Amino acid sequence: MTIERGCIMPEAEEKDAIHVRAMMWAALAIIVTLALAAFAVYFAWVIWRSPAVPNVPNAPMDFSVAGAMLESAPQRDYASYLAEKQRMLTSYQWVDEQAGIARIPIEEALRLMVERSGPQAAQGGRR
């Protein structure tokens, strides 16, 4: 303490002093925050991880994708694919019999479109 003009005044605190107690409280707060965050992450992981048995209702979907399946002789499959498409283009078949929707050969469909569009379409669209 110093005495100035008859008054007793406390010494001024140093501005650059390190407050050890404040540093300890700050370190404790950081440690507690990290521990709570780690507990929250672990708790969320336990709740949201996929179950061991995926064949239950409302189970999360498996989004893994299998690798590419290469065929040893794709020519046979491609030929049968083309034959099926050709059959669909040239045959009659019910798509939905209840609704009255049928598949007709492409040539027949084109002929019906020309007939229904009127005489302008038969002349090449000229008026």
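This report describes the fold, the helices, the salt bridges and the surface of a predicted model of one protein chain.

## Overall architecture

The protein chain contains four helices and four strands, and these elements follow one another along the sequence in the pattern β-β-α-α-β-β-α-α. Of the contacts in the protein chain with a separation of 6 or more, residues 24 or more positions apart account for 0%.

Burial and surface can be described for the chain as a whole. Buried residues make up 2% of the 127 residues, while the exposed area of the protein chain comes to about 12,600 Å², with 63% of that area supplied by carbon and sulfur atoms.

## Helix 2 and its salt bridge

The model holds three salt bridges in total, and one of them joins E84 to R87, whose closest N and O atoms are 2.6 Å apart. Both E84 and R87 belong to helix 2, which covers residues 74–90, and they are three residues apart, or about one turn of the helix. Neither partner of this pair reaches the cut-off for an exposed residue, which is over 50% relative accessible area: E84 is partly exposed because its relative accessible area is 34%, and R87 is likewise partly exposed at 36%.

R87 also takes part in a further interaction through its backbone, since the backbone oxygen of R87 lies 2.6 Å from a polar atom of the side chain of S91.

## The loop after helix 2

S91 is located in the loop between helix 2 and strand 3, the latter spanning 93–96. With a relative accessible area of 15%, S91 falls under the 20% limit and therefore counts as buried. When its neighbours within four places in sequence are set aside, the residues in contact with S91 are R103, I104 and P105, and the side chain of S91 also has a polar atom 2.6 Å from the backbone oxygen of R87.

## Helix 3 and its salt-bridge network

Helix 3 consists of 12 residues and extends 17 Å from its first C-alpha to its last, which is close to the 16 Å expected at 1.5 Å a residue. Just after this helix, G118 adopts a positive phi of about 100 degrees.

Within helix 3, a network of salt bridges links E108, R111 and E115. The side chains of E108 and R111 meet at 2.5 Å, taken from N to O, and E115 forms a salt bridge with R111 in which the closest N and O atoms are 2.3 Å apart. As for position in the helix, which covers residues 106–117, E108 and R111 are three residues apart and so are separated by about one helical turn, whereas E115 and R111 are four residues apart, which is again about one turn of the helix.

The members of the network do not all fall in one accessibility class. E108 is partly exposed, with a relative accessible area of 23%, and R111 is placed in the partly exposed class at 39% relative accessibility. E115, by contrast, counts as exposed because its relative accessibility of 52% is over the 50% limit.

## A nonpolar patch that includes helix 1

What makes up the nonpolar surface patch of about 480 Å²? The contributing residues are I18, V20, M23 and M24. One of these, M23, is found in helix 1, which runs over residues 20–48, and M23 counts as exposed because its relative accessibility is 54%.

Conventions
Residues are numbered from 1 along each chain as its sequence is written. This is a predicted model: local features need pLDDT of at least 70, side-chain atom pairs count only at pLDDT 80 or more; totals for chains, interfaces and linings use all residues. Side-chain values use heavy atoms; hydrogens and water are left out. A salt bridge is a side-chain nitrogen of Lys or Arg within 4 Å of a carboxyl oxygen of Asp or Glu. Helices (H or I, at least four residues) and strands (E, at least two) are DSSP runs, numbered from the N terminus. Buried means under 20% relative accessible area, exposed over 50%, partly exposed in between (1.4 Å probe, protein chains only). Patches are made of residues with over 30% relative accessible area and no salt bridge: like charges are joined within 9 Å, nonpolar side chains (Val, Leu, Ile, Met, Phe, Trp, Tyr) within 5 Å. Accessible areas come from the Shrake-Rupley method with a 1.4 Å probe; for residues, only the protein chains shown count as cover. Contact means heavy atoms within 4.5 Å. A polar contact is a pair of N or O atoms within 3.5 Å; within protein, one must be able to donate a hydrogen and the other to accept it, and residues adjacent in sequence count only if both atoms are side-chain atoms. The expected span of a helix is 1.5 Å times one less than its number of residues.
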